[in-house]
Amino acid sequence: MKIAIGSDHAGFRYKEAIKKFLTDLGHEVIDKGTYAETPSVDYPLFIRPVAEAVAAGEVERGVVLGGSGNGEAITANRIKGVRCALCWNEESARLGRQHNDANVISIGERMMSEETALKLVQIWLDTPFEGGRHLARIQELDE
């Protein structure tokens with residue numbers, strides 16, 4: 001799978017760990033930045049390109065990270081065709097894919113351990129979209 005990834009300074013460490021994790025699994029990862037923990041940067045500059053790549057079909061999925069993941073999810077969801085799930089535990093990652101067909105996951109580095117973040121990404125990758133009653137709701141989002 002081709003996956004875009006981006007973070008601000010507060011999500012940089014986990015971005016690097018997730019990038020390695022995804023590459024080790026055999027995925028092609030496109031890094032949209034930021035490329036260092038310092039200086040402090042504005043997250044929309046790095047999150048929007050990830051969401052735009054997903055919306056344009058340049059990549060199949062996207063991973064965005066920040067301190068809490070909230071601003072990153074908001075930024076990604078401003079792009080038509082993106083369904084970004086802010087995930088904080090296993091259930092939120094599973095349901096984000098299963099019910100919402102989330103094509104982007106947002107993770108807050110300050111909200112969880114690195115081990116948990118990697119686990120959430122794995123669940124998000126492995127969980128299929130359930131379709132059915134959820135499909136009509138997804139279609140309504142894009143109207």
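1. Let's start with Cys-87. Its relative accessibility is 2%, so this residue counts as buried. Please keep in mind throughout that you are looking at a predicted model.

2. How many disulfides does the structure hold? The number is 0. Cys-87 takes part in none, and the nearest cysteine sulfur to its own belongs to Cys-84, 7.8 Å away. A disulfide would need the two sulfur atoms within 2.5 Å. Cys-84 is likewise in no disulfide, with the sulfur of Cys-87 as its nearest cysteine sulfur.

3. Is Cys-84 buried or exposed? Its relative accessibility is 11%, and because buried means under 20%, Cys-84 counts as buried.

4. Now have a look at strand 4, which covers residues 84-86. This strand runs parallel to strand 5, and 3 bridges join the two. To find one matching pair in your viewer, pick out Leu-86: it stands opposite Ser-106 in strand 5.

5. Strand 5 has a partner in strand 3 as well, which spans residues 61-66. Here 5 bridges make the join, and these two strands also run parallel. A handy landmark for this pairing is Val-63, which has Ile-105 of strand 5 opposite it.

6. Why is strand 5 described as largely enclosed by the rest of the structure? The reason is that 5 of the 5 residues in this strand, residues 104-108, are buried. You can check each face in turn: Val-104, Ser-106 and Gly-108 lie on one side, Ile-105 and Ile-107 lie on the other, and all of them are buried, so both faces are covered.

7. What do strand 4, helix 4 and strand 5 make together? They form a right-handed β-α-β unit, in which helix 4 takes up residues 90-98. Try tracing this one on the model: with the strands pointing away from you, the path from strand 4 over helix 4 to strand 5 runs clockwise.

8. Finally, let's visit Phe-21, which sits in helix 1, residues 12-24. With 21% relative accessibility, Phe-21 counts as partly exposed, because the buried class is for values under 20%.

9. Which residues does Phe-21 touch, leaving aside those up to four places away in sequence? They are Leu-118, Val-121 and Gln-122. Take Leu-118 as an example: Phe-21 and Leu-118 are 97 residues apart along the chain, while 7.5 Å separates their C-alpha atoms. Do find this pair in the model and compare the chain separation with the distance in space.

Definitions and conventions. Residues numbered from 1 in each chain as written. Predicted model: local features only at pLDDT ≥ 70, side-chain atom pairs only at ≥ 80, totals over all residues. Heavy atoms only, no water. Helix = DSSP H or I, 4+ residues; strand = E, 2+ residues; numbered from the N terminus. Buried < 20%, exposed > 50% of the residue type's maximum accessible area, 1.4 Å probe, protein only. Contact = heavy atoms within 4.5 Å. Pairing = 2+ DSSP bridges.
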